[in-house]
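Biologist: Could you walk me through how the helices pack in this one? I'm new to this, so please take it step by step.

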Amino acid sequence: MTRLPFEDEHAPLYSVGQVADMLQVQQAFLRRLDEHEVVRPTRSAGGQRRYSRHEIGSLQDAIRLIDEGMTLAAVRRIFELQQQVRDLQAEIARMRAASEGDATGE
């Protein structure tokens, strides 16, 4: 069965206007987050920003951090560090799986 785009949390479905309305922020604020590489939405063939549900979650996190007094540069760095942690956790899991496979003779 074919998966529909709205089932994929990474599918770029939402316009800047739709996301601004959802999050109750100005469109210019979303463009600023993109320009400062805090949350980078996908671009449509026509160059328009399109946000996925995953990116909207990241925007919510960014807004919370900004409300707590973080700068855009600080939020971007927090997001980078969070991604590094996820990458390292995935690498550790792969290494553990490989060593368990070696231990069982697979």
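Biologist: Is the crossing of H1 and H3 left-handed or right-handed?

Modeller: Happy to help, and do keep in mind that this is a predicted model. The pair to look at is H1 and H3, whose axes come within 11 Å. Their crossing is right-handed.

Biologist: Which word describes how H1 lies to H3, parallel or oblique?

Modeller: Start with the angle: the axes of H1 and H3 cross at roughly 50°. Angles under 35 degrees count as roughly parallel, and 65 to 115 as roughly perpendicular. The angle for this pair fits neither range, so H1 is oblique to H3.

Biologist: How many charged residues are there in the contact of H1 with H3?

Modeller: From H1 come Val19, Met22 and Leu23, and they meet Ile56, Leu59, Gln60 and Ile63 of H3. Sorted by type, these residues give 6 nonpolar and 1 polar, and the number of charged ones is none: no charged.

Biologist: And how does H1 lie to H2?

Modeller: Here the axes come within 9 Å and cross at roughly 110°. Since 65 to 115 degrees counts as roughly perpendicular, that is the word for H1 and H2: roughly perpendicular.

Biologist: Which helix gives the largest share of the largest nonpolar core?

Modeller: This core has 17 residues, and Leu59 is among those that touch the most other members. Helices H1, H2, H3 and H4 each give two or more residues to the core. The largest share, 5 residues, comes from H3.

Conventions: Residues are numbered from 1 along each chain as its sequence is written. This is a predicted model: local features need pLDDT of at least 70, side-chain atom pairs count only at pLDDT 80 or more; totals for chains, interfaces and linings use all residues. Side-chain values use heavy atoms; hydrogens and water are left out. A nonpolar core is a set of buried Ala, Val, Leu, Ile, Met, Phe, Trp, Tyr and Cys residues joined through side-chain atoms within 4.5 Å. Buried means under 20% relative accessible area, exposed over 50%, partly exposed in between (1.4 Å probe, protein chains only). Helices (H or I, at least four residues) and strands (E, at least two) are DSSP runs, numbered from the N terminus. Axes are lines fitted to C-alpha atoms, for helices over the stretch in contact, and angles run from 0 to 180 degrees between N-to-C directions. Angles under 35 degrees count as roughly parallel, over 145 as roughly antiparallel, 65 to 115 as roughly perpendicular and the rest as oblique. A crossing is left-handed if the near helix is turned anticlockwise from the far one by less than a right angle, and right-handed if clockwise. Contact means heavy atoms within 4.5 Å. Ala, Val, Leu, Ile, Met, Phe, Trp, Tyr, Cys and Pro count as nonpolar, Asp, Glu, Lys and Arg as charged, and the others, Gly among them, as polar.
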